[in-house]
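This briefing is meant to be read with the structure open beside it. It takes up two sheets, the helices that lie on them, and a set of charged side chains.

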Amino acid sequence: MSKVLYISSEACPFIKTGGLGDVAGSLPKALLEQAQDVRLLLPAYSEVLKNTQKTKKIAVATYYNLSVQILETCLPDSKLVVWLVDCPALFIRSGGPYMDDNGHEWHDNALRFAVFCHMAVDIALNNLQLNWRPDVVHCNDWQTGLVPALLSMKRERPATVFTIHNLAYQGLFDRQTFIDLQLPNELWQMDGLEFYDQLSFIKGGIVYADKVTTVSPNYADEILLPKYSYGLAGVLKKRHKDLSGILNGIDEMLWNPNTDNYIKKTYNQHSLNNKRTNKIKLQKELSLPIDRTIPVLGIISRLVDQKGFDIILQSLPSLITLQVQLIVLGTGDKHYEIKLAEWSQVYPEYIKVIIDFNEALAHQIEAASDIFIMPSTFEPCGLNQLYSLRYGTIPVVTPVGGLADTVTDASKENIANNTANGVVLTEHTCTALLVAIKRALSLYKKPKTWRQLQMTAMSGDFSWQTSAARYITLYQQAIEKR
Ligand code: ADP
């Protein structure tokens with residue numbers, strides 16, 4: 001058994017903006033189930049405290065003249081111990097974890113996450129008399145990147161693992177920020193935190209962690225290529241031997257059509273007809289024409305370039321001629337929000353767009369849709385295609401990152417050998433997207449084949465069990481390496 005300090009800037013159900021929230025809310029639970037002694041460390045944002053019933057103050061510290069305390073609580077419906085880094089000046093405000101209500105990054109993000117990291121380091125070194133010294137510190141994304149860097153300077157330290165959930169977000173700040181944060185001078189070097197004269201939080205994780213992972217095997221290979229590396233291919237190649245990909249799992253307690261409390265009618269592989277009830281209910285609720293036979297296409301996503309909204313928008317003029325209904329749930333870049341809402345207003349009988357972050361609706365769309373559209377330009381793992389597979393909603397995806405690792409194209413050969421569970425675009429273009437959607441629609445018209453695709457999709461094992469075991473093996477390797 002290892003003691004694992006799992007550090008994340010978001011965790012479901014406390015707070016979530018994307019896949020990291022899902023993972024941090026489920027992997028630590030899976031590790032706990034596999035007998036690891038895990039603590040989850042999370043900032044005490046307003047929303048987190050709002051969602052927390054009981055907390056106990058267990059430590060205090062001061063960083064940059066700010067008083068910071070640790071509040072202990074549990075993840076709802078779980079025995080997982082959560083330590084909240086409580087610093088009201090930094091974390092109690094209206095808005096998201098990284099951005100204000102207008103979508104602008106918080107001006108003091110460097111300070112906010114530096115404080116978070118300092119607290120993590122002090123816990124890791126048992127400086128706060130918590131009587132708990134981790135063997136491994138598992139950091140996630142740039143917000144935690146200073147932890148491996150600062151720990152690397154200590155002789156007696158736990159092993160460190162750093163997971164990249166999305167290399168596009170690096171935590172870059174100017175040189176003055178490095179000076180203001182009083183970070184050790186030795187860290188300011190090309191093989192350190194410096195990135196073209198800027199301070200890079202993510203390099204702290206990539207350069208200094210004992211082991212580096214990404215959230216799918218394919219993405220671990222892709223980020224060694226300039227096309228996917230956002231300038232970090234060279235740095236990552238140097239860590240090649242310590243870099244690996246472990247596929248994300250899904251939280252079967254939350255994402256299971258057989259037990260999902262958010263949906264009208266639960267179902268499984270053997271009661272797929274019940275899926276239609278969910279379709280009709282959603283059509284009714286969203287004021288779409290009620291028709292159980294018309295194919296419903298779903299999208300749940302951040303509305304950003306990464307998720308392929310350029311080609312999705314280009315495809316809309318053709319899509320509305322195909323006798324389908326398209327439901328989009330998302331928030332993100334304003335121009336995508338506006339353009340999609342315009343289409344929804346002009347063609348309300350074909351396209352419904354909901355600009356919101358809505359967990360319940362996300363579940364209902366997964367259960368109600370026939371096809372899920374996810375033409376990402378890159379995708380570190382992707383969770384929505386996994387949820388779609390689980391819900392018998394056939395994903396249409398680009399062959400990148402975790403999408404390529406989890407979706408098998410409905411080619412004749414793959415259908416014949418029962419491995420097909422989705423439709424894969426040949427390239428990232430509007431034409432290829434339309435070809436793929438038309439291919440999915442023609443399969444939808446063949447009920448027997450469609451049912452087979454659904455059965456294969458739903459029987460895939462994307463639970464955390466296997467992946468959590470892989471992390472445990474990796475923790476051992478990190479401990480041995482250190
Ligand atoms: P990313 O982390 O890049 O956003 P993922 O597919 O890994 O993409 O994970 C996205 C997670 O966020 C999924 O759980 C998805 O259901 C959820 N999500 C994204 N947008 C919304 C939204 N508007 N409402 C509810 N859930 C959303």
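In this predicted model, strand β17, made of residues 394-397, is joined to β18 by two bridges, and the two strands run parallel. Within this pairing, V396 has V423 of β18 standing opposite. From this pair the briefing moves outward to the sheet around it, then to another sheet, and finally to the salt bridges.

**The sheet that holds β17 and β18**

- The open sheet to which these strands belong has six strands in the order β15-β14-β13-β16-β17-β18, and its pairing is parallel.
- The edges are taken by β15 (351-355) and β18 (423-424), each of which has a single partner strand, so one side of each is left without a neighbour in the sheet.
- Helix α14, which covers residues 334-346, packs on this sheet and touches β13 (296-303), β14 (325-332) and β15, while its direction makes about 145 degrees with that of β15.

**The sheet of nine strands**

- Another open sheet has nine strands, which follow the order β3-β4-β5-β2-β1-β6-β7-β11-β12, and here the pairing is mixed.
- The strands at its edges are β3 (56-63) and β12 (243-245), and each of them pairs on one side only.
- On average, and with direction ignored, neighbouring strands of this sheet are turned by 25 degrees against each other.
- At one end of the order, β3 pairs with strand β4 (residues 66-74) in the antiparallel sense, over seven bridges, and in this pairing V60 stands opposite Q69 in β4.

**Helices lying across the nine strands**

- Helix α8, which spans residues 201-208, lies across β7 (159-164) and β11 (211-214), and runs at about 125 degrees to β7.
- Helix α21, which spans residues 464-481, lies across β1 (3-7), β6 (136-140), β7, β11 and β12, and runs at about 135 degrees to β7.

**Salt bridges**

- Side chains of opposite charge can pair when their charged atoms come close.
- The structure holds 16 salt bridges, and one of them links D242 with K211, where the closest N and O atoms are 3.1 Å apart.
- This pair links distant parts of the chain, since D242 sits in the loop between α11 (233-238) and β12 whereas K211 sits in strand β11, 31 residues apart.
- Are these two partners buried or exposed? D242 counts as buried because its relative accessibility is 13%, below the cut-off of 20%, and K211 is also buried, with a relative accessible area of 12%.
- D242 also meets R239 in a salt bridge between their side chains, at 3.0 Å from N to O, and R239 counts as buried because its relative accessibility is 10%.
- Elsewhere, the side chains of E252 and R390 meet in a salt bridge with an N to O distance of 3.2 Å.
- The pair of E252 and R390 likewise links distant parts of the chain, with E252 in the loop between β12 and α12 (275-285) and R390 in helix α16 (residues 384-390), 138 residues apart.
- In this pair E252 is partly exposed, with a relative accessible area of 29%, whereas R390 is buried, with a relative accessible area of 16%.
- Through salt bridges that share partners, K211, R239, D242 and K481 are joined into one network.

Technical notes
Residues are numbered from 1 along each chain as its sequence is written. This is a predicted model: local features need pLDDT of at least 70, side-chain atom pairs count only at pLDDT 80 or more; totals for chains, interfaces and linings use all residues. Side-chain values use heavy atoms; hydrogens and water are left out. Two strands pair if DSSP finds at least two bridges between them. Helices (H or I, at least four residues) and strands (E, at least two) are DSSP runs, numbered from the N terminus. Axes are lines fitted to C-alpha atoms, for helices over the stretch in contact, and angles run from 0 to 180 degrees between N-to-C directions. Contact means heavy atoms within 4.5 Å. A salt bridge is a side-chain nitrogen of Lys or Arg within 4 Å of a carboxyl oxygen of Asp or Glu. Buried means under 20% relative accessible area, exposed over 50%, partly exposed in between (1.4 Å probe, protein chains only).
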